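Work through the exercises below with the sequence and the model side by side. Each task is followed by a solution that goes step by step.

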Amino acid sequence: MSNRTVLIGFQGARGAYADNAARHLFDNQASFRGSSFETIPFDKLATMFAAVQCGDIHQAILPVENSLSGTMHANFDKLLQLKPRLHVVGEYVFHEPYCLVALPGTSLEDITEVMSHVHVLEQCKDYLYSLPNGPSIVLAQGLSTADCASMVAEKGERTLAAIASQQAARLYDLEVLATGIEANPNTFTRYFLISKDPIRPERHMMPKTSFAVIMPNKPGALFKTLGSFAMRDINVLKIESRPSTRTISYSAPWEYIIYIDIDGAAETDPLVERAVDNLKEFASEVIVLGAYPRYVQEIRNTTIISN
């Protein structure tokens, strides 16, 4: 590892789950452990991506999928639209319990309004409606969990709480009233590590490759796509299609973008290389988002703990 300090961008305020995921990845994975790093907050994804493109930061961490709410299509779309293109150089699947946080001294009976990101509120509704004021509680959407925690601290009202991380509670001098309040404790978020330059993952790193394949709306398109990998015994980990916005109109058939994740990488496996060449024969466009290693989080069981 170089002695340089690696600058890692994330969207949101400090203490956001993306911030915590980046810190956990660089603190705990053997590939990064011991290296110097700093996380840098950005208000907008476009600004964060531009900072990677021009070299102001070295990498960025981007949430792309949640095991409960599914693919974050807007983030994938932004990746595809970038010129020059950025590359996926790592994957991290991260879980951190959701916490109910409020001003010190707040009781559960005080709370009449809870703020958080829309997806987080959805995952915690069962718990929130079980609170003393649950039937009438107001759920307010915010830009990110950490932004909501910051707003609770700024407003100084004991009737207001947020769902955020323990790190956000520490940063904004809030009290954690309950931990692990999500309905499903097995909810994970998948993050991409994004860089200006691609990497060449070795076989021992359990590499994956992610593609965006733009297909014409014709019979057999999906069959041909899967067949390119199946006939070579390549495991397809994920496949998902959606309309491509570049041809949506009322007068012409839509093109479709097919997102595909596979085991392996063309850089180290000739079969993957041949499969990609096969795809290019009939696809309108094959975009390699990246070939990258998988980083695994050590998971501990979580249950709701109220203070």
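The exercises that follow move from domains to a helix, then to salt bridges and finally to backbone details.

Before starting, note that this is a predicted model, in which local features need pLDDT of at least 70 and side-chain atom pairs count only at pLDDT 80 or more, while totals for chains, interfaces and linings use all residues. Residues are numbered from 1 along each chain as its sequence is written, and side-chain values use heavy atoms, with hydrogens and water left out.

**Exercise 1. Describe the interface of domain 1 and domain 2.**

Step 1: locate the parts. The assignment for the protein chain gives domain 1 (7–95 + 187–195), domain 2 (99–179) and domain 3 (203–293); such bounds come from an automatic or database domain assignment. The centres of domain 1 and domain 2, taken over C-alpha atoms, are separated by 25 Å.

Step 2: count the contacts. With contact meaning heavy atoms within 4.5 Å, 11 residues of domain 1 are in contact with 13 residues of domain 2.

Step 3: consider the area. Buried area is the accessible area (1.4 Å probe) that two parts lose on being put together, summed over both, and between domain 1 and domain 2 it is about 860 Å², with 58% given by carbon and sulfur atoms. On the domain 1 side, A13, G15 and Y17 lose the most area to domain 2, together 45% of what that side buries.

Step 4: look at the pairs. A polar contact is a pair of N or O atoms within 3.5 Å; within protein, one must be able to donate a hydrogen and the other to accept it, and residues adjacent in sequence count only if both atoms are side-chain atoms. Five residue pairs, both at pLDDT 80 or more, are in polar contact across the interface of domain 1 and domain 2.

**Exercise 2. Which residues of helix α2 are buried, and against which elements do they pack?**

Step 1: fix the terms. Helices (H or I, at least four residues) and strands (E, at least two) are DSSP runs, numbered from the N terminus, and buried means under 20% relative accessible area, exposed over 50%, partly exposed in between (1.4 Å probe, protein chains only).

Step 2: list the residues. In α2, which covers residues 45–53, the buried ones are L45, M48, F49, A51, V52 and Q53.

Step 3: find their surroundings. These buried residues pack against β1 (6–11), β2 (37–42), β3 (59–66), α3 (73–81) and β11 (189–195). Just after α2, G55 takes a positive phi of about 90°.

**Exercise 3. Trace the salt bridges of D77 and E91.**

Step 1: apply the rule. A salt bridge is a side-chain nitrogen of Lys or Arg within 4 Å of a carboxyl oxygen of Asp or Glu, and by this rule the count comes to 10.

Step 2: take D77, whose salt bridge with R242 has its closest N and O atoms 2.7 Å apart. This pair links distant parts of the chain, with D77 in helix α3 and R242 in strand β13, 165 residues apart. D77 counts as buried because its relative accessible area is 18%. The side chain of R242 is also joined to that of H73 by a polar contact of 3.3 Å.

Step 3: take E91, which forms a salt bridge with K208, the closest N and O atoms being 2.7 Å apart. Here E91 in strand β5 (residues 87–94) and K208 in strand β12 (residues 208–215) are 117 residues apart, and both E91 and K208 are buried.

Step 4: extend the picture. E240 forms a salt bridge with K238, with the closest N and O atoms 3.5 Å apart. Through shared partners, salt bridges join E65, E91, R190, K208, K238, E240 and D261 into one network.

**Exercise 4. Where do D173 and P84 lie, and what marks the backbone at each?**

Step 1: for D173, look in the loop between α7 and β10 (175–179). D173 has a positive phi of about 55° although it is not a glycine, and D173 counts as exposed because its relative accessible area is 62%.

Step 2: for P84, look in the loop between α3 and β5. The peptide bond from K83 to P84 is cis, with omega near -5°.
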